[in-house]
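Colleague: I would like a close look at a single part of this model. Please start from one helix and work outward from there.

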Amino acid sequence: MPDDAERNRALRLVVAAQRGDTLAMNELLDVLAPYAGRICAPIALADGPDAVQETLVAVFRGLRSLREPAALYGWVRAIACREAVRVARRGARSVPADLATLPQRGDPQLAADIGDVLARLSPEHRAVLVLRDVEGLDERSAAALLGLRVGTVKSRLSRARDSFRKAWTS
C-alpha cells in the first residue's frame, strides 16, 4: 500500500482527473501502474504487463464513476484482480517447472522456484493467494473483490495452499 503522501497525491489527482484534467489523469495512471503491477504480476504471471494495461484502461474509462476518491486504491485493487484473472484465463497455458532440487533458505534461486510453483496454479487460486497472503486481506474482503461467497474463497484458499505445498515438495 502506498504511504500517506502518495495517497494524498493520488486523491488530488483523482479529483482533478474527474474534472477533465488530462495531465492529472496521465499522472494518476503513472502513480497507479506500480500498484496494479504488484497485484497483477503474481496472478497473471508472464501476462502481468497485459493485465496492468487492461487495469489502467478500466481505471481510465471508469474514473468518473468513482464516487469516493478515498476508495481509489481498493477500487483499483478490485479492477486489477479481476483483469489479472481474466488475462490469465485468456492466456492459460501450462508452465513446466523442474523442482528436482529444493534451494536452501537464503538461496537466490528461491524466489524463482516459488514463481515456478505459483505458475502451476490456476489463475483463480493465484488470485486468492495474492489477496490473502500478499495483500493481507481477510476472506470476506477477498470474497467481495472476487465476487464470490466467503465459503468459496476459504475452500479455494485451502486448495491453493494444498496444491502449492504438493508442488513444492514434489
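Colleague: Which residues are buried in α6?

Modeller: A caveat comes before the list: this is a predicted model. In α6, the buried residues are Pro123, Glu124, His125, Arg126, Ala127, Val128, Leu129, Val130 and Leu131. That makes nine of the 12 residues of α6, so the helix is largely enclosed by the rest of the structure.

Take one residue from that list. Histidine 125 sits in helix α6. Its relative accessibility is 14%, and the cut-off for buried is under 20%, so histidine 125 counts as buried. Beyond its neighbours within four places in sequence, histidine 125 is in contact with Arg156, Arg159 and Ala160. After α6 comes glycine 136. The phi of glycine 136 is positive, near 75°.

Now the link to α4. Helix α6 (123–134) is among the elements that cover the buried residues of α4. The cover also includes α1, α2 (22–44), α3 (48–62) and α7 (139–146). Helix α4 takes in residues 72–90, 19 residues in all. At 1.5 Å a residue it should span 27 Å, and its end C-alpha atoms are 27 Å apart, so the two agree. The buried residues of α4 are Leu72, Tyr73, Val76, Arg77, Ile79, Ala80, Cys81, Glu83, Ala84, Val85, Val87 and Ala88.

Several of those names come back in the contacts of α3. Threonine 55 is found in helix α3. It is buried, with a relative accessible area of 0%. Leaving aside neighbours within four places in sequence, threonine 55 touches Val76, Ile79, Ala80 and Glu83, which are among the buried residues of α4. Threonine 55 is also in contact with Ala36 and Cys40.

Cys40 leads to the cysteines. The structure holds zero disulfides. Cysteine 40 is in none, and the nearest cysteine sulfur, that of cysteine 81, is 8.3 Å away. Why no bond? The 8.3 Å between the sulfur of cysteine 81 and that of cysteine 40 is too far, as a disulfide needs the sulfur atoms within 2.5 Å. Both residues are buried: cysteine 40 has a relative accessible area of 0%, and cysteine 81 is at 0% relative accessibility.

Next, the aromatic rings. A search of the whole structure finds one aromatic pair. The rings of tyrosine 35 and tyrosine 73 have their centres 5.0 Å apart and their planes at 90°, so the pair is edge-to-face. This pair links distant parts of the chain. Tyrosine 35 belongs to helix α2 and tyrosine 73 to helix α4, 38 residues apart. Tyrosine 35 and tyrosine 73 are both buried.

Last, α1, another element in the cover of α4. Leucine 13 has its place in helix α1, which runs over residues 4–18. At 9% relative accessibility, leucine 13 counts as buried. Its contacts, leaving aside neighbours within four places in sequence, are Ala24, Glu27, Leu28 and Val31. Leucine 13 and proline 69 are 56 residues apart along the chain, and their C-alpha atoms are separated by 9.4 Å.

To return to the starting point: α6 is largely enclosed, and α6 helps to cover the buried residues of α4.

Key. Residues numbered from 1 in each chain as written. Predicted model: local features only at pLDDT ≥ 70, side-chain atom pairs only at ≥ 80, totals over all residues. Heavy atoms only, no water. Helix = DSSP H or I, 4+ residues; strand = E, 2+ residues; numbered from the N terminus. Buried < 20%, exposed > 50% of the residue type's maximum accessible area, 1.4 Å probe, protein only. Contact = heavy atoms within 4.5 Å. Expected span 1.5 Å × (residues − 1). Phe/Tyr/Trp six-rings, centres within 6.5 Å; stacked < 30°, edge-to-face > 60°.
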